[in-house]
Amino acid sequence: MKLIVNGQERDLGDADPQMPLLWALRDMLGLTGTKYGCGVAQCGACTVHLDGMAVRACQIRIGDVAGDITTIEGLGTPADPHPVQAAWIEEQVAQCGYCQSGQIMSAAALLALNDDPTDEDIDRAMSANLCRCATYPRIRAAIRRARDIRRPPCPRPRGGAF
Ligand code: FES
Ligand code: FES
């Protein structure tokens, strides 16, 4: 069985098609940035992208994956972070960090669909990602900052004294 993960074809051999994607990512492919929290679609720690949409990796069987998977390892790099990752660092969001890759993946999916989310949009999109450390105010601030990072710079006034 093969999956496309972070832009690369990965061979899972004769893995059981019933295996949750989360198990395959962490235990077979070593992509441990995606976390196991509840295992029952209640916490969002395992959030990855399937063709750009945020999904719960604990709830998808590898035999049912039809599309490209992106994990936190494939979102950006230290040299070229995704705007959400850059904003997370600027706002110093993480506390213990356990929930944060899932939070970032949900935030990135939100901004891909809606490049100017309101606070209400943010709360709705992020409501299923739980944080035991209650970093929610910093998460909201970082999403607002990422929204601004993504916006193209304002055009300079012609002939201005800049
Ligand atoms: S581990 Fe998947 S939602 Fe909690
Ligand atoms: S930062 Fe600790 S669970 Fe969210």
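This short talk covers one strand region, one helix packing and the cysteines of the structure shown above.

Good morning. Please keep in mind that the model is a predicted one.

I begin with strand β3, which spans residues 47-50. Its side chains point in two directions: T47 and H49 lie on one side, while V48 and L50 lie on the other. Are these residues buried or exposed? All of them are buried.

Strand β3 has two partners to discuss. With strand β4, residues 53-56, β3 pairs in the antiparallel sense, and four bridges connect them. Within that pairing, H49 has A54 of β4 as its bridge partner. The connection between β3 and β4 is a hairpin with two residues between the strands. In that turn, D51 adopts a positive phi of about 50°.

The other partner is strand β5, residues 68-70, which runs antiparallel to β3 and is joined to β3 by two bridges. Here L50 is found opposite I69 of β5. To place these residues together: H49 and L50 point opposite ways from β3, with H49 bridged to A54 in β4 and L50 standing opposite I69 in β5.

I turn now to helix α3, residues 83-91. Which of its residues are buried? They are V84, Q85, A86, A87 and W88. The cover over these buried residues includes α2 (72-75), α4 (100-113) and α6 (136-150). Just past the end of α3, Q92 has a positive phi of about 50°.

Of those covering helices, I shall consider α6 in detail. The axes of α3 and α6 approach within 8 Å, and their crossing angle is roughly 130°. The two helices are therefore classed as oblique, because an angle of that kind falls outside the parallel, antiparallel and perpendicular ranges. Their crossing is right-handed. On the α3 side, the contact is formed by P83, V84, A86, A87, W88, E90 and E91. On the α6 side, the contributors are R138, I139, A141, A142, I143, R145, A146, I149 and R150. Among the α3 residues in this contact, V84, A86, A87 and W88 are also buried.

Finally, the cysteines. How many disulfides does the structure hold? The number is zero. As for their surroundings, C99 has a relative accessible area of 10% and is therefore buried, since the limit for that class is under 20%. C38, by contrast, has a relative accessibility of 26%, so C38 counts as partly exposed.

Thank you for your attention.

Notes: Residues numbered from 1 in each chain as written. Chains lettered and ligands numbered in written order. Predicted model: local features only at pLDDT ≥ 70, side-chain atom pairs only at ≥ 80, totals over all residues. Heavy atoms only, no water. Disulfide = S-S within 2.5 Å. Buried < 20%, exposed > 50% of the residue type's maximum accessible area, 1.4 Å probe, protein only. Contact = heavy atoms within 4.5 Å. Pairing = 2+ DSSP bridges. Axes fitted to C-alpha atoms, helices over the stretch in contact; angles between N-to-C directions. Parallel < 35°, antiparallel > 145°, perpendicular 65-115°, else oblique. Left-handed = near helix turned anticlockwise from the far one by under 90°.
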